[in-house]
Amino acid sequence: IEESLVADYMTKEVNSLDIEASLDEAANIFCNNSIRRVPIVQEGRLVGVLSRHDLINFVREVRRSTAAV
């Protein structure tokens with residue numbers, strides 16, 4: 001393990017989204033690529049990570065808030 005490099009095991013083809021992307025675009029990336037997290041970039045720089053869990057929590061909150069109305 002000490003001689004192993006991260007570069008030998010990392011994912012090289014990374015799906016990312018621009019910070020202005022819609023949640024629908026994010027859902028499509030999750031569903032079409034069987035991944036759990038998507039890097040979020042702005043002007044080519046990493047600004048965050050969106051997870052499937054984040055998206056699911058958002059949908060749950062929307063459903064709760066619309067059910068309460």
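This tour moves through a predicted model, from the whole chain to single residues.

**The whole chain**

Begin with the complete protein in a cartoon view, where the secondary structure comes to two helices and three strands, and where reading along the sequence gives the pattern β-α-β-β-α. The radius of gyration is 16 Å, well over the 11 Å that the globule rule gives for 69 residues, so the protein is more spread out than a compact globule. If you switch to the C-alpha trace and align the view with the principal axes, the trace spans about 60 × 30 × 20 Å.

Next, turn on the molecular surface, whose accessible area comes to about 6,100 Å², with 51% of it belonging to carbon and sulfur atoms. Buried residues make up 13% of the 69 residues. As for contacts between residues at least 6 apart in sequence, 20% of them join residues at least 24 apart.

**The nonpolar core**

Now hide the surface and select L17, A26, I29, F30, V38, I40, L50 and L55, the eight residues that make up the largest nonpolar core. Two elements, α1 (23–33) and β2 (37–42), give two or more residues each to this core, and α1 supplies the largest share of it, three residues.

Keep F30 selected and display its surroundings: leaving aside residues up to four places away in sequence, F30 touches I35, R36, R37, V38, L50, S51, R52 and L55. Among these partners, V38, L50 and L55 are, like F30, listed in the core.

From F30, move on to S51, which lies in strand β3 (residues 45–51). Is S51 buried or exposed? With a relative accessible area of 13%, S51 is buried, because the cut-off for that label is under 20%. With residues up to four places away in sequence again left out, S51 touches F30, R36 and R37.

**Between the strands, and from helix α1 to R52**

Stay on strand β3 and select G48, which also lies there and is partly exposed, with a relative accessible area of 24%. Beyond residues up to four places away in sequence, G48 touches V38, P39 and I40. A distance label between the C-alpha atoms of G48 and V38, which are ten residues apart along the chain, should read 8.6 Å.

Then go to helix α1 and pick A27, which at 23% relative accessibility counts as partly exposed. A second C-alpha to C-alpha label, drawn from A27 to R52, spans 8.0 Å in space, while the two residues are 25 apart in sequence.

**Helix α2: a patch and a salt bridge**

Bring the surface back and select L23, F58, V59 and V62, which form a nonpolar patch with about 310 Å² of accessible area together. Which element gives the largest share of the nonpolar patch? That share, three residues, comes from helix α2 (residues 52–67). V59 is one of the patch residues and lies in helix α2; its relative accessible area of 35% makes V59 partly exposed, and this value also passes the requirement of over 30% for patch residues.

On this helix, show the side chains of R64 and E61, which meet in a salt bridge at 3.2 Å, N to O. Both residues lie in helix α2, three residues apart, about one turn of the helix. R64, at 48% relative accessibility, counts as partly exposed, and E61 is likewise partly exposed, with a relative accessible area of 45%. How many salt bridges does a search of the whole structure find? The search finds one.

**Two loop residues with positive phi**

Finish in the loops, with the backbone torsions displayed. Select S34 in the loop between α1 and β2; S34 has a positive phi of about 50° although it is not a glycine, and at 67% relative accessibility S34 counts as exposed.

The last selection is E43, in the loop between β2 and β3. E43 has a positive phi of about 55°, again without being a glycine, and its relative accessibility of 78% means that E43 counts as exposed.

Conventions. Residues are numbered from 1 along each chain as its sequence is written. This is a predicted model: local features need pLDDT of at least 70, side-chain atom pairs count only at pLDDT 80 or more; totals for chains, interfaces and linings use all residues. Side-chain values use heavy atoms; hydrogens and water are left out. Patches are made of residues with over 30% relative accessible area and no salt bridge: like charges are joined within 9 Å, nonpolar side chains (Val, Leu, Ile, Met, Phe, Trp, Tyr) within 5 Å. Accessible areas come from the Shrake-Rupley method with a 1.4 Å probe; for residues, only the protein chains shown count as cover. A salt bridge is a side-chain nitrogen of Lys or Arg within 4 Å of a carboxyl oxygen of Asp or Glu. Helices (H or I, at least four residues) and strands (E, at least two) are DSSP runs, numbered from the N terminus. Buried means under 20% relative accessible area, exposed over 50%, partly exposed in between (1.4 Å probe, protein chains only). The radius of gyration is taken over C-alpha atoms; the globule rule is 2.2 Å times the number of residues to the power 0.38. Contact means heavy atoms within 4.5 Å. A nonpolar core is a set of buried Ala, Val, Leu, Ile, Met, Phe, Trp, Tyr and Cys residues joined through side-chain atoms within 4.5 Å.
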